[in-house]
Amino acid sequence: QVQLVESGGGWVQPGGSLRLSCAASGSIFSIHTMGWFRRGLGKQRVLVASITHSGMTTYEGSVKGRFTISRDNANNTVYLQMNNLKPEDTAVYYCNAAGVVSTPPGEYAYWGQGTQVTVSS
């Protein structure tokens, strides 16, 4: 069994910064891609940023230049540094791990429980 535990959400004023962390634990041999999704009120869950095991990154257009995703492969942890936050960034942020090589033998995908990020004055 694999678990993803997120931390770092909260309230911040516009222009502020937050750093999200997500640690994967359990029977893990490797994780291909780790990423962050978000779901705003009344909206669908969408990809914010992702990073492969080799370090290739992808960002949603509205966060480019403001958010930075990174990961620590040795500790199966992914981070999302969010700078210059805007009210429209308010959402529940979910960690995702895909291509998780685990037991029973196979590849799996997992989600974290979500962490609230609120940007308001």
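# A walk from Asn96 to the sheet and the loops

The backbone oxygen of Tyr110 lies 3.3 Å from a polar atom of the side chain of Asn96. That pair of residues is a good place to begin a tour of this structure, which is a predicted model. Asn96 itself belongs to strand 9. Is Asn96 buried or exposed? Its relative accessible area is 10%, and because buried means under 20%, Asn96 counts as buried.

Who surrounds Asn96? Leaving out residues up to four places away in sequence, Asn96 touches Leu4, Thr33, Met34, Gly35, Phe37, Tyr110 and Trp111. Tyr110 therefore turns up twice in this part of the tour, once through its backbone oxygen and once in the list of residues that Asn96 touches.

From Asn96 we can step across to Phe37, one of the residues it touches. Phe37 sits in strand 4, which covers residues 28–39. Setting aside neighbours within four places in sequence, Phe37 is in contact with Arg45, Val46, Leu47, Val48, Val92, Tyr93, Tyr94, Asn96 and Trp111. Take Val92 from that list: 55 residues separate it from Phe37 along the sequence, while the C-alpha atoms of the two are 8.3 Å apart in space. Trp111 is also worth finding on the screen, since it appears among the contacts of Phe37 and among the residues touched by Asn96.

Now let us turn to a sheet. Four strands form an open sheet in the order 1-3-8-7, with antiparallel pairing. Which strands stand at the edges? They are strand 1 (2–7) and strand 7; each has a single partner strand, so one side of each is left without a neighbour in the sheet. From one strand to the next, the twist averages 15 degrees.

Looking at individual pairs makes this sheet easier to follow. Strand 1 and strand 3 are joined in the antiparallel sense over six bridges, and here Leu4 has Ala24 of strand 3 as its bridge partner. Leu4 is a familiar name, as it is also one of the residues that Asn96 touches. On to the next pair: strand 3 (residues 18–26) and strand 8 run antiparallel and are joined by six bridges. Within this pair, Leu18 stands opposite Met82 in strand 8, and Arg19 stands opposite Gln81. As you follow a strand along, keep in mind that in a regular strand the side chains alternate between the two faces of the sheet.

The last stop is the loops. Asn76 is found in the loop between strand 7 (67–72) and strand 8 (77–82). Its phi is near 50 degrees, a positive value in a residue other than glycine. Past strand 8, in the loop that leads to strand 9, comes Asn84, which also is not a glycine and has a positive phi of about 50 degrees. How do the accessibilities of these residues read? Asn76 has a relative accessibility of 16% and so counts as buried, whereas Asn84, at 42%, counts as partly exposed.

One more loop lies between strand 9 (91–102) and strand 10 (106–111), and Pro104 is found there. Which kind of peptide bond joins Thr103 and Pro104? The bond is cis, with an omega of about -5 degrees.

Conventions: Residues are numbered from 1 along each chain as its sequence is written. This is a predicted model: local features need pLDDT of at least 70, side-chain atom pairs count only at pLDDT 80 or more; totals for chains, interfaces and linings use all residues. Side-chain values use heavy atoms; hydrogens and water are left out. Helices (H or I, at least four residues) and strands (E, at least two) are DSSP runs, numbered from the N terminus. Buried means under 20% relative accessible area, exposed over 50%, partly exposed in between (1.4 Å probe, protein chains only). Two strands pair if DSSP finds at least two bridges between them. Axes are lines fitted to C-alpha atoms, for helices over the stretch in contact, and angles run from 0 to 180 degrees between N-to-C directions. Contact means heavy atoms within 4.5 Å. A polar contact is a pair of N or O atoms within 3.5 Å; within protein, one must be able to donate a hydrogen and the other to accept it, and residues adjacent in sequence count only if both atoms are side-chain atoms.
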